[in-house]
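Me: Hey, I'm new to this one and could use a hand. Can we go through it together?

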Amino acid sequence: MQIDTDHLHHWMRAIRNSKDPIRTMDAFWKGQISSKEWLIKNLEVFIENPVTVDIHGGWVGTLASLLFQSNLGYRFKHIRNIDIDPTCQDISITMNQIEMEQGRFSAITADMCSIQSAADVIINTSCEHISQLQYDFWLGNLPIESLIVLQSNDYNIPEHVRTASSLDEFISQSGLTKLLFSDKLELPLYNRWMLIGKK
Ligand SMILES: C[S@@+](CC[C@H](N)C(=O)[O-])C[C@H]1O[C@@H](n2cnc3c(N)ncnc32)[C@H](O)[C@@H]1O
């Protein structure tokens, strides 16, 4: 997918102005970007009308920016980035400066388990960062009609508290009752799992 130079400028500002630029750049590893491009490519068929989107565990706002810059971009009325790490709020706002000024982007610091989401599309690509107990509580709070997009992986490192060793295990963890899409993306270090469905 194409990244335009105006957005690239804001990405660089976001990295440069962050307290820990090297840590911020972790969001730009090839595997991280490829996983988000894969998400966007497969989300396309499900987005016919303009929608609102909440990204839970949205980190520094890379996915939001890629969604805005994709072929689907004009269909996003508003994207909200939610992350428990307070450093993510300012970085994601700078990353999405153009859409922030258009009133189409916002960012908040919050535990995904303790906020209300009423968006048409709810994305959580950080499933490996929350326990099954937290996940079940989080899912329980989501609206029945929202389209839910989930990613996890089989990469066992200390900060991943709940990986899935297979796509079937991730389906079982997800608790989705209406599964519309499930697949894996093979990356050099790990497999990424993705589900799209409703609860
Ligand atoms: C390493 S990052 C993103 C990893 C993921 N594979 C991705 O690319 O989207 C994980 C993010 O989840 C956030 N996070 C973890 N637990 C959370 C929670 N309970 N509520 C909101 N955000 C959370 C972290 O602060 C971090 O920014």
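Reply: Sure. One bit of wording before we start: Ala, Val, Leu, Ile, Met, Phe, Trp, Tyr, Cys and Pro count as nonpolar, Asp, Glu, Lys and Arg as charged, and the others, Gly among them, as polar. Also, keep in mind that this is a predicted model.

Me: Got it. So how many residues surround the ligand, and which are the closest?

Reply: There are 16 residues around the ligand, and the closest are G57, D85, M112, T125 and S126.

Me: And how does that shell divide into nonpolar, polar and charged?

Reply: The shell around the ligand has 7 nonpolar residues, 6 polar ones and 3 charged ones.

Me: Switching topic: what about the phi of W59?

Reply: W59 has a positive phi, about 60°, although it is not a glycine.

Me: Where is the place of W59?

Reply: W59 is in the loop between β1 (51-56) and α4 (62-69).

Me: Is W59 buried or exposed there?

Reply: W59 counts as buried, because it has 22 C-beta neighbours inside 10 Å, and the cut-off for buried is 20 or more.

Me: Okay, helices now. How do α1 and α5 cross?

Reply: The axes of α1 (residues 5-17) and α5 (residues 87-95) come within 7 Å and cross at roughly 155°. So α1 is roughly antiparallel to α5. The crossing of α1 past α5 is right-handed.

Me: Which residues meet there?

Reply: From α1, H10, W11, R13, A14 and N17 meet I91, T94 and M95 of α5. That contact of α1 with α5 divides into 4 nonpolar, 3 polar and 1 charged.

Methods. Residues are numbered from 1 along each chain as its sequence is written. This is a predicted model: local features need pLDDT of at least 70, side-chain atom pairs count only at pLDDT 80 or more; totals for chains, interfaces and linings use all residues. A residue is near a molecule or strand if its C-beta atom, placed from the backbone, lies within 6 Å of it. Helices (H or I, at least four residues) and strands (E, at least two) are DSSP runs, numbered from the N terminus. A residue is buried if 20 or more other C-beta atoms lie within 10 Å of its own, exposed if 12 or fewer, and partly exposed in between; C-beta atoms are placed from the backbone. Axes are lines fitted to C-alpha atoms, for helices over the stretch in contact, and angles run from 0 to 180 degrees between N-to-C directions. Angles under 35 degrees count as roughly parallel, over 145 as roughly antiparallel, 65 to 115 as roughly perpendicular and the rest as oblique. A crossing is left-handed if the near helix is turned anticlockwise from the far one by less than a right angle, and right-handed if clockwise. Two residues are in contact if their C-beta atoms, placed from the backbone, lie within 7 Å.
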